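Visitor: Hey, could you walk me through this one? I'd like to start with the ligand and then move on to the rings.

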Amino acid sequence: MDSAKAALRRVMKARIAALDAAYDKAAGEGIVRRLTAHPAWAAADSVFCYVGRRGEIDTRPLLRAALEAGKTLAVPLCMGPGMMQARAVRSLEELAPAGPYGIPEPPAGAPEVPPQRLALCVLPCLAAAPDGTRLGYGGGYYDRFLPLACNAVKIALCRAALLEPVLPRECHDVRADFVLTEDALYACKGGG
Ligand SMILES: Nc1nc2c(c(=O)[nH]1)N(C=O)[C@@H](CNc1ccc(C(=O)N[C@@H](CCC(=O)O)C(=O)O)cc1)CN2
Ligand SMILES: Nc1ncnc2c1ncn2[C@@H]1O[C@H](COP(=O)(O)OP(=O)(O)OP(=O)(O)O)[C@@H](O)[C@H]1O
């Protein structure tokens, strides 16, 4: 497959593992604060957001904020290799570690939110570039899902320490509309 991406994933994972814990915590909190202050957050009646795990930003405050604001909250449920659905949850207590990576997921019976109904998608990444290109874990989950979420504003959360000036981009890669770090917001499209 793409060895440049595979090599970059290794580099970024090492960088994540070496992040200063205090920086990591403050950056994650800053990103959450900035996202909830973004106009797309207030405007969104439905939010699709990943459940952050070790090495990722802790998105739980964001998930709670969405529920408290009365938004429809959907989180990923992996259906098979590279395939996921947005499933609605009403409480974080519904989430339980599942699958080979132990990412907290909703129960199999959680109702699907059709991707075209989503107003906001919050994206994980190992690294992101200011043009909206993201480097994921390599499963292709978001590359397949995001084209279906055609009405959603897509915001990738990236700690500034993991921002790269340029990342390799393949045809199937869907760029984010915004990349949000703890100290900057990059608007990515427009220029094409
Ligand atoms: N929190 C969170 N949830 C998510 C994602 C994510 O990136 N973060 N996904 C985004 O796609 C989907 C799940 N996809 C994933 C794909 C790979 C790995 C992973 O940990 N892979 C191993 C390497 C596996 C291998 O050896 O092939 C790793 O990176 O250590 C995790 C999630 C949906 N849910
Ligand atoms: N729309 C698609 N249809 C079929 N295969 C795809 C599609 N998008 C990506 N893939 C395949 O999925 C694999 C992983 O893609 P890629 O390296 O871009 O993942 P990623 O962006 O890091 O992961 P993710 O999207 O889960 O965050 C690649 O082998 C790629 O060819």
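**Around the ligand**

Guide: Sure. Keep in mind that this is a predicted model. An oxygen atom of ligand 1 is 2.9 Å from a side-chain N or O atom of arginine 53.

Visitor: And what does lysine 13 do with ligand 1?

Guide: A polar atom in the lysine 13 side chain lies 2.6 Å from an oxygen atom of ligand 1.

Visitor: Which atom of the ligand goes with glutamate 56?

Guide: A nitrogen atom: it is 2.7 Å from an N or O atom in the glutamate 56 side chain.

Visitor: OK, how much of ligand 1 does the protein cover?

Guide: 73% of the 670 Å² of accessible area that ligand 1 has on its own.

Visitor: Which pocket is ligand 1 in?

Guide: The largest pocket. Two elements, β2 (72-80) and α5 (141-145), each give two or more residues to the shell around ligand 1.

Visitor: How do the shell residues divide into nonpolar, polar and charged?

Guide: Eleven are nonpolar, three are charged and none are polar. There are 14 residues around ligand 1, and Lys13, Val51, Arg53, Glu56 and Tyr137 come nearest.

Visitor: Switching to rings: how many aromatic pairs are there?

Guide: Two aromatic pairs. One of them joins phenylalanine 48 and tyrosine 142, with ring centres 6.4 Å apart.

Visitor: Why does that pair count as tilted?

Guide: The planes are at 40°, so the pair is tilted; edge-to-face would take over 60 degrees, and stacked under 30.

Visitor: Where do the two residues sit?

Guide: Phenylalanine 48 is in strand β1 (residues 46-49) and tyrosine 142 is in helix α5, so the pair ties together parts 94 residues apart in sequence.

Technical notes
Residues are numbered from 1 along each chain as its sequence is written. Chains are lettered from A and ligands numbered from 1 in the order in which they are written. This is a predicted model: local features need pLDDT of at least 70, side-chain atom pairs count only at pLDDT 80 or more; totals for chains, interfaces and linings use all residues. Side-chain values use heavy atoms; hydrogens and water are left out. A residue is near a molecule or strand if one of its heavy atoms lies within 4 Å of it. A polar contact is a pair of N or O atoms within 3.5 Å; within protein, one must be able to donate a hydrogen and the other to accept it, and residues adjacent in sequence count only if both atoms are side-chain atoms. Accessible areas come from the Shrake-Rupley method with a 1.4 Å probe; for residues, only the protein chains shown count as cover. On a 1 Å grid over the protein atoms alone, a cavity is a set of points where a 1.4 Å probe fits but cannot get out, and a pocket is an open set with protein on both sides within 12 Å along at least five of seven lines; lining residues have an atom within 4 Å of a point. A molecule sits in a cavity or pocket if more than half of its atoms lie within 2 Å of its grid points. Helices (H or I, at least four residues) and strands (E, at least two) are DSSP runs, numbered from the N terminus. Ala, Val, Leu, Ile, Met, Phe, Trp, Tyr, Cys and Pro count as nonpolar, Asp, Glu, Lys and Arg as charged, and the others, Gly among them, as polar. Rings of Phe, Tyr and Trp (its six-membered ring) pair if their centres lie within 6.5 Å; planes under 30 degrees apart count as stacked, over 60 as edge-to-face and the rest as tilted.
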